[in-house]
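Reader: Please show me the sequence and the model. I should then like to put a series of questions about the arrangement of the chain and its ligand.

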Amino acid sequence: MATNRTFTMLKPDAVRKGYIGAILEQITASGFRIVAMKLTELTVNDAKTFYEVHKERPFYNDLVEYMTSGPIVAAILEKENAVEDFRTLIGATNPEEAAEGTIRQKFATSISENAVHGSDSDENAAIEGAFHFSGREQF
Ligand code: CMP
């Protein structure tokens with residue numbers, strides 16, 4: 001099951017701008033099934049833990065501040081080849097480099113405020129999904 005699932009967050013800039021509906025529409029129209037979802041807000045501790053792999057990066061503190069600046073939508077998505085196909089759907093980290101029609105190209109503000117997160121491996125998808133959802137919140 002884990003190999004067919006990925007984890008996403010619609011980040012504070014996308015939620016603030018009212019893009020939840022449009023982004024979810026693009027995700028489901030692209031063949032992903034939502035198996036868990038919530039509107040929530042990360043604490044500073046949550047954001048630090050979630051992004052711990054980036055803690056030596058120069059943008060880490062700004063990333064934590066941004067990710068705690070307002071509500072996010074967290075979701076687990078299911079589809080064959082979910083991790084890779086979702087990363088294709090969202091486009092490059094930097095929206096200026098994201099392919100035409102991708103979610104980041106359409107909805108992101110900047111490289112740091114880039115509208116959506118997508119897991120980078122099956123292993124991280126499982127870890128990130130479990131960070132936000134208990135087993136009985138996944139369908
Ligand atoms: P995400 O895919 O959620 O994973 C790490 C996040 O760090 C990334 O999206 C961006 O929001 C942010 N990020 C990555 N690279 C940079 C960068 N060079 N400058 C600022 N923020 C970045």
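**Helices, strands, cores and ligand**

Reader: In which helix is Gln26 found?

Author: This is a predicted model, in which local features need pLDDT of at least 70 and side-chain atom pairs count only at pLDDT 80 or more, while totals for chains, interfaces and linings use all residues. Residues are numbered from 1 along each chain as its sequence is written, and side-chain values use heavy atoms, with hydrogens and water left out. Helices (H or I, at least four residues) and strands (E, at least two) are DSSP runs numbered from the N terminus. The run that holds Gln26 spans residues 20–29 and is helix 2.

Reader: Is Gln26 buried or exposed?

Author: A residue counts as buried under 20% relative accessible area, as exposed over 50% and as partly exposed in between (1.4 Å probe, protein chains only). The relative accessible area of Gln26 is 13%, so this residue is buried.

Reader: Which backbone oxygen does the side chain of Gln26 reach?

Author: Contact here means heavy atoms within 4.5 Å, and residues up to four places away in sequence are not counted among those that Gln26 touches: Leu89, Gly101, Thr102, Ile103, Lys106 and Phe107. A polar contact is a pair of N or O atoms within 3.5 Å; within protein, one must be able to donate a hydrogen and the other to accept it, and residues adjacent in sequence count only if both atoms are side-chain atoms. At 2.9 Å, the side chain of Gln26 reaches the backbone oxygen of Gly101.

Reader: How are the buried residues of helix 2 placed around the axis?

Author: The buried residues of helix 2 are Ile23, Leu24, Gln26 and Ile27. Measuring the arc by the directions from the helix axis to the C-beta atoms, they cover only 160 degrees, which puts them on the same side of helix 2.

Reader: Which residues are exposed on the other side of helix 2?

Author: Helix 2 is followed by Gly31, whose phi is positive, near 95 degrees. Within helix 2, on the side away from the buried residues, the exposed positions are Glu25 and Ala29.

Reader: How far apart in space are Ile23 and Ile103, C-alpha to C-alpha?

Author: Ile23 is buried, with a relative accessible area of 0%. Leaving aside neighbours within four places in sequence, Ile23 is in contact with Leu10, Ala14, Ile103, Phe107 and Val116. Ile23 and Ile103 are 80 residues apart in sequence, yet their C-alpha separation is 6.9 Å.

Reader: Which element gives the most to the largest nonpolar core?

Author: A nonpolar core is a set of buried Ala, Val, Leu, Ile, Met, Phe, Trp, Tyr and Cys residues joined through side-chain atoms within 4.5 Å. The largest has 19 residues, and Leu10, Ile23, Ile27, Phe32, Phe86 and Ile103 have the most contacts inside it. Two or more residues come from each of helix 1 (12–16), helix 2, strand 3, helix 5 and helix 6 (103–107). With 4 residues, the element that gives the most is helix 5.

Reader: How many bridges join strand 1 and strand 3?

Author: In strand 1, 6 of the 6 residues are buried, so the strand is largely enclosed by the rest of the structure. Strands pair if DSSP finds at least two bridges between them; strand 1 pairs with strand 4 in the antiparallel sense over 3 bridges. Leu10 stands opposite Val73 in strand 3. The number of bridges in the antiparallel pairing of strand 1 and strand 3 is 6.

Reader: Which residue stands opposite Val73 on the strand 2 side, Leu10 being its partner in strand 1?

Author: Strand 3 is largely enclosed by the rest of the structure, because 7 of the 7 residues are buried. Strand 2 and strand 3 run antiparallel and are joined by 7 bridges. The residue opposite Val73 is Leu39.

Reader: What polar backbone atom lies 3.1 Å from an oxygen atom of the ligand?

Author: Taking near as a heavy atom within 4 Å, the residues around the ligand are Lys11, Tyr51, His54, Phe59, Leu63, Thr93, Arg104, Ile111, Ser112, Asn114 and His117. An oxygen atom of the ligand is 2.8 Å from a side-chain N or O atom of Lys11, and a ligand oxygen is also 2.8 Å from such an atom of Tyr51. The polar backbone atom at 3.1 Å belongs to Ser112.
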